[in-house]
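Thanks for opening this one with me. Here is a short set of notes to read alongside the model, meant for someone who has not met it before.

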Amino acid sequence: MTKRTNSPKKRKSRSTTRSPTVSTAIEATTAQFGFLFRFRDLIAPTIAAHKEIIDKHGKCWWGWWKRPLEDARSEVWSSLEKQLQTSGSTKIGLFDSGTDKIYIATINKILPPETTGDESAPIALPTNDQKLVPKYYRDSPFSRAWIRITKIETYGGKFFREWSYAAPPTIPNQNPTTLERLHNKIIPDGSELRAMDTTIWSVRPKSIGDKEETVITAGGGPVTAISSTPIPSHGDYILHISDPHFATGIHRTKHIWRLDAEPDNGKPTLSQQILSAVGNKKIGLIILSGDLTFSATDEEFSAANAFIWTLLGRLNLGPSHVIVVPGNHDIKWTKNETYTEGAALEVTSEEATASYRTFYQKLFGHQPHVNLCMGRRYVLAGTFVVDICGLNSTSLATGKNFLAGIGRIEQSAFENVKEGLGWTTDAGLALRILVLHHHLVPIENRAPAEEFHHGFGMAIDAPRIQRLAASSGVRLSIHGHRHQPFIWQSDVYELPNVDLIGMSSGRMTIIGGGTAGSVDAPDQFVHFNLFRISAESIELHPFRSQAMGVFDPAPAWKAPLLLEGAPRRLSIGNWVRDPSLKK
């Protein structure tokens, strides 16, 4: 009797553990999903593209693109496999980190990541199933796992503040105490999810007693344009790409490669050719030194974004591993539909930079600096520290007859990055690198006479910036603009009437990247560079391609990294050709 009379009370107690504010729609979906997967519309409308295939074939494959430092999440895939073995199908949640919308997907099969060997290796689908993948990433082999979906629905209830974390997510380089605070905590909004360097969460509808604090983790990378927070990187190579000039519409022929979002017509994309040339080299950082577009339209920036995300996915990197600065083609100072280098300044700075700012915000998830500069600190291959100062060299002062293509750098931008990275002295063991679009020195033996009027592509204040950078410990400058590959090294001195001591501010190497995709290439070759940095040396590996062919390695260069002077400061020694580095 006692047992029978107590039993209903126990059932009632369990049924009231859930918050009475939980909506009916959420109650109905309590058992529908226990894992929330993150995605974002970076190249194409993700949900619509997958639904289209489901409507045609009754199913589709969804590729899992993990975060750079995220592990294989074996506990998630094991749980899903058990659910599928028990019932034949199960459900997962899909979180659109761009819009904060939640979807429910019904799944009936998974292909989990590798559990032995390289967990970051892509998983190949059977050939007959390729048609079940949306075209925009069907030929991009960087999915680390696959989920077969038979139905996608918009979640009908309220998710944020009505659901909680069922278990702390796995986030590398994150304080375990901070992660434990997420356990049984209500999910307040999408910003907390976006801030985490993970793509999968274990979730459940909230219950009475769940915590309501906000815990914002910093694992997703810097949330401002300038940050001295060290960013770990698994690779020791830096990929430098300049002047790809992605072009659409009336300027489409200005970019020689097929665009990543265009249908496959047998021609290669720039991303395919670069990835093929890079091979198995571990890339830790991507530097883009301007002129991503030809005429600074939103469509061209979308093409640039698709290219960048294709590289990131295949190289197992995230947006925090990208440095980008604008070029003169990325800022629309005139109202002309065609790009005219000698055009007068006709629009405000806000209007001229609007499309670039939108592109930047979509890529990094935060607003760009007022001067469009960047500052980052990287730990390459877990050992060597590299500080990057990215400057906008297209910051024209307002003037009636300033030319659209001329370069100029705001000194305040350099000072902002210098302060943000803590460059209070020129001593130190980090390699300090300056990235900009325009040149700091002339790169040609003799510029064409018709171009004399705009300074051979140099920023008009290049000497000042070079002196400021060298005196702050910068030893390498990387640029683009003239489409001419370039290497230069010299000691930098202050003006004699300013510096009465007469000491060198330091030796600086300046390297130009050429163009990676423009039809206007001086030698009919397009180029990109790889830098390899270690504690002892720095290597330069140039690559070049002609007539949309493969990128072949050109002769490589090597220079020692030295500690010189008092106080001791890092310096780059003399560059020499090294045939042993060619492959």
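1. Let's begin at Arg 544, which stands opposite Asp 552 in E20. This is a predicted model, so please read the whole note in that light. The strand that faces E20 (residues 552-553) here is E19, and 2 bridges join the two strands, which run antiparallel. E19 and E20 also form a hairpin, with 5 residues between them. Have a look at the turn, where Ala 547 has a positive phi of about 55 degrees.

2. E19 itself spans residues 537-546. How many of its 10 residues are buried? The count is 8, and the strand is thus mostly covered.

3. E19 has further pairings to trace. With strand E18 (residues 525-533) it pairs in the antiparallel sense over 9 bridges, and one pair to look for is Arg 532 with its bridge partner in E19, Glu 539. E18 and E19 make a hairpin as well, this one with 3 residues between the strands. Strand E21 (residues 557-564) pairs with E19 too, antiparallel over 4 bridges. There you will find Leu 540 opposite Trp 557 in E21. While you follow these strands, a general point may help: in a regular strand, side chains alternate between the two faces of the sheet.

4. Next, please turn to helix H13, which covers residues 462-471. Its buried residues are Ala 462, Ile 465, Gln 466, Leu 468, Ala 469 and Ala 470. What covers them? The cover includes H12 and four strands: E14 (431-435), E15 (474-479), E16 (485-493) and E17 (504-513). After the helix comes Gly 473, whose phi is positive, near 90 degrees.

5. Gln 466 deserves a stop of its own within H13. Is Gln 466 buried or exposed? Its relative accessibility is 9%, and because buried means under 20%, Gln 466 counts as buried. Leaving aside residues up to four places away in sequence, Gln 466 touches Leu 440, Val 441, Ser 490, Val 492, Met 508 and Ile 510.

6. Now for the helix beside H13. Helix H12 (residues 411-420) packs with H13 at an angle of about 15 degrees, and their axes are 11 Å apart. That angle makes H12 roughly parallel to H13, because angles under 35 degrees count as roughly parallel. The crossing of H12 and H13 is right-handed. On the H12 side the contact is made by Gln 411, Phe 414 and Glu 415, and on the H13 side by Arg 464, Leu 468 and Ala 469. By character, the residues of this contact divide into 3 nonpolar, 1 polar and 2 charged.

7. Another part of the model to visit is an open sheet of 7 strands with mixed pairing. Which order do its strands take? Reading across, the order is E2-E5-E4-E3-E1-E7-E6. E2 and E6 (163-165) are the edge strands, each pairing on one side only. On average, neighbouring strands of this sheet are turned by 45 degrees against each other, direction ignored.

8. Some pairings in this sheet are easy to find by eye. Strand E2 (residues 60-64) pairs with strand E5 (residues 145-154) in the antiparallel sense over 5 bridges, and here Cys 60 stands opposite Ile 149 in E5. E5 also pairs with strand E4 (residues 102-111), antiparallel over 8 bridges, with Thr 106 opposite Lys 151 in E5. Elsewhere in the sheet, strand E1 (residues 35-39) and strand E7 (residues 200-205) pair in the antiparallel sense over 3 bridges. Their bridge partners include Phe 37 and, in E7, Ile 200.

9. A helix belongs in this picture too. Helix H4 (residues 74-87) lies across E1, E2, E3 (90-96), E4, E5 and E7. Relative to E4, H4 runs at about 80 degrees.

10. Finally, step back to the whole protein. Its secondary structure comes to 13 helices and 23 strands. Of its 583 residues, 54% are buried. Among contacts with a separation of 6 or more, 72% are between residues 24 or more positions apart.

How values were computed: Residues are numbered from 1 along each chain as its sequence is written. This is a predicted model: local features need pLDDT of at least 70, side-chain atom pairs count only at pLDDT 80 or more; totals for chains, interfaces and linings use all residues. Side-chain values use heavy atoms; hydrogens and water are left out. Buried means under 20% relative accessible area, exposed over 50%, partly exposed in between (1.4 Å probe, protein chains only). Contact means heavy atoms within 4.5 Å. Axes are lines fitted to C-alpha atoms, for helices over the stretch in contact, and angles run from 0 to 180 degrees between N-to-C directions. Angles under 35 degrees count as roughly parallel, over 145 as roughly antiparallel, 65 to 115 as roughly perpendicular and the rest as oblique. A crossing is left-handed if the near helix is turned anticlockwise from the far one by less than a right angle, and right-handed if clockwise. Ala, Val, Leu, Ile, Met, Phe, Trp, Tyr, Cys and Pro count as nonpolar, Asp, Glu, Lys and Arg as charged, and the others, Gly among them, as polar. Two strands pair if DSSP finds at least two bridges between them.
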